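Open the model in your viewer and keep the selection tool handy. We will hop from one stop to the next.

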Amino acid sequence: MAKSILIPSLVAAKNVDSYNRSFKSTTADIDNGNVFGKGDLSTAADESQVYGVTQPATGSLSDLYMAFTAEDVVISDELGNQFKVGNLDPRSFTNKAGLVFSGFKPQEGDIIVISADGISGTADDYVVAANGAYKLAFASAAGAGLTFKVIETTYISLASANNIGSQRIKAYKLECVQN
């Protein structure tokens with residue numbers, strides 16, 4: 001299954017460092033564009049500013065963060081050494097459980113582009129955080145928490161081994177209207 005692709009087009013987190021944090025999920029892989037709550041601060045010596053991840057739930061669908069890490073494949077050998085190799089297709093990337101990744105807190109007015117794989121349900125006017133799910137979901141009306149308004153249906157161009165922009169995948173341009 002393809003993973004979601006996120007392009008933070010116009011987001012406040014590019015200019016305000018306090019909207020950015022480092023996270024680590026201990027139980028689930030987190031795709032770019034997935035949303036989650038900020039958990040407890042890690043007590044590990046080498047993770048002084050790393051927070052845990054909590055799954056969105058009814059009553060806690062606000063003040064969420066969105067995963068966004070540069071798409072890079074990490075291969076681990078049997079000794080625990082990690083190697084990064086190039087990745088032509090960002091749809092194969094995910095933030096693996098147990099590894100630190102980056103996330104930002106969407107602000108009202110932020111504009112993102114996310115691939116259709118990053119949103120569950122049938123296309124509608126809004127995209128919201130859903131109870132019990134890291135993946136965003138389509139909705140006919142604004143939700144009680146993190147909500148994006150669908151601005152337009154668009155595409156993301158991808159490269160293949162020998163052609164730049166030879167593939168186009170469906171995506172949505174979204175504007176954050178509340179968090």
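Select K173 to begin: with a relative accessible area of 27%, K173 is partly exposed, meaning between the limits for buried (under 20%) and exposed (over 50%), using a 1.4 Å probe and protein chains only. Its salt-bridge partner is E152, with the closest N and O atoms 3.6 Å apart; such a bridge puts a side-chain nitrogen of Lys or Arg within 4 Å of a carboxyl oxygen of Asp or Glu. E152 sits in strand 13 and K173 in strand 14, 21 residues apart; strands are DSSP runs (E, at least two residues), numbered from the N terminus.

This is a predicted model, where local features need pLDDT (the predictor's confidence in each residue, from 0 to 100) of at least 70 and side-chain atom pairs count only at 80 or more, while totals for chains, interfaces and linings use all residues. Residues are numbered from 1 along each chain as its sequence is written, and side-chain values use heavy atoms, without hydrogens and water.

Next, pick E47 and K24, a salt bridge with N and O atoms 2.5 Å apart at the closest. E47 counts as buried, at 10% relative accessibility.

Now select L174, whose contacts (heavy atoms within 4.5 Å) beyond four places in sequence include I112, V127 and F148. Those three and L174 are among the members touching the most others in the largest nonpolar core, of 21 residues; a core is a set of buried Ala, Val, Leu, Ile, Met, Phe, Trp, Tyr and Cys residues joined through side-chain atoms within 4.5 Å. Strand 14 gives the most to this core, with 3 residues.

Finally, colour by confidence: the mean pLDDT is 88, lowest in strand 6 (residues 73-76) at a mean of 65 and highest in strand 11 (residues 126-128) at 97.

How values were computed: Helix = DSSP H or I, 4+ residues; strand = E, 2+ residues; numbered from the N terminus.
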